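Dear colleague,

Please find below the structure that I am handing over to you, together with its sequence. My notes on what was found in it follow directly after.

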Amino acid sequence: EYLKLQQYGVDPKHSLLSWPEFGELAVAMGAHARTVRRADDFAAVGADIAESKFPLVVDVKCDPSTQLGEE
């Protein structure tokens, strides 16, 4: 939605929503969790999987204004 609104010349902020912190919710329910904000954060997710830290919730936070491959 963000990119579509941007392409039509409409302020894309109308597509932004406030989301809960799923990692915090997962931990409160007894699971392991990682929040991913940058591509580098996926290394910790891989380590959790290698260490069999399950159930594991991975909450990926993406910047909708960033195109694929940009940081």
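**Salt bridges**

The structure, which is a predicted model, holds eight salt bridges. One of them joins the side chains of Glu-21 and Arg-37, with an N to O distance of 4.0 Å. Glu-21 belongs to the loop between helix H1 (2–7) and helix H2 (22–28), and Arg-37 to the loop between strand S1 (32–36) and helix H3 (42–50), so this pair ties together parts that are 16 residues apart in sequence. As for solvent contact, Glu-21 is partly exposed at 32% relative accessibility, while Arg-37 is exposed at 53%.

A further salt bridge is formed by the side chains of Lys-61 and Asp-59, at 3.1 Å from N to O. Asp-59 has a relative accessibility of 7%, which is under the 20% limit, and therefore counts as buried. Through salt bridges that share partners, Glu-21, Arg-37, Asp-59 and Lys-61 are joined into one network.

Lys-53 also takes part in a salt bridge; the partner is Glu-51, and the closest N and O atoms are 3.4 Å apart. Lys-53 is partly exposed, with 27% relative accessibility.

**The second largest pocket**

The second largest pocket has a volume of about 300 Å³. Its lining includes Glu-1 and Tyr-2, then Ser-15, Leu-16, Leu-17, Trp-19 and Phe-22, and further along the chain Asp-59, Val-60, Lys-61, Cys-62 and Pro-64. By class, eight of the lining residues are nonpolar, one is polar and three are charged. Asp-59 and Lys-61, which line this pocket, are the two partners of the 3.1 Å salt bridge described above.

Ser-15, another lining residue, is found in the loop between H1 and H2 and is partly exposed at 22% relative accessibility. Ser-15 and Tyr-2 are 13 residues apart along the chain, and their C-alpha atoms are separated by 5.5 Å. Pro-20 is also placed in the loop between H1 and H2, and with 43% relative accessibility Pro-20 counts as partly exposed. From Pro-20 to Glu-1 there are 19 residues in sequence and 19 Å in space, C-alpha to C-alpha.

**A nonpolar surface patch**

On the surface, Leu-17, Trp-19, Phe-22, Leu-25, Met-29 and Val-57 form a nonpolar patch, and their accessible area together is about 670 Å². Leu-17, Trp-19 and Phe-22 belong to this patch and also appear in the lining of the second largest pocket. Val-57 is located in strand S2 (residues 56–60) and is partly exposed, its relative accessible area being 31%.

**Backbone features in the loop between H3 and S2**

Two backbone features deserve your attention when you inspect the model. Most residues other than glycine have a negative phi, and most peptide bonds are trans. Ser-52, which lies in the loop between H3 and S2, has a positive phi of about 55 degrees although it is not a glycine. Pro-55 has its place in the loop between H3 and S2 as well, and the peptide bond from Phe-54 to Pro-55 is cis, with omega near -10 degrees.

With kind regards

Terms used: Residues numbered from 1 in each chain as written. Predicted model: local features only at pLDDT ≥ 70, side-chain atom pairs only at ≥ 80, totals over all residues. Heavy atoms only, no water. 1 Å grid on protein atoms, 1.4 Å probe; cavity = no way out; pocket = protein on both sides within 12 Å on 5 of 7 lines; lining within 4 Å. Points joined across faces, edges and corners; volume = space filled by probe spheres on them. Nonpolar A, V, L, I, M, F, W, Y, C, P; charged D, E, K, R; others polar. Helix = DSSP H or I, 4+ residues; strand = E, 2+ residues; numbered from the N terminus. Buried < 20%, exposed > 50% of the residue type's maximum accessible area, 1.4 Å probe, protein only. Patch = residues over 30% accessible without salt bridge, like charges linked within 9 Å, V, L, I, M, F, W, Y side chains within 5 Å. Areas by Shrake-Rupley, 256 points an atom, 1.4 Å probe, with all protein chains shown as cover.
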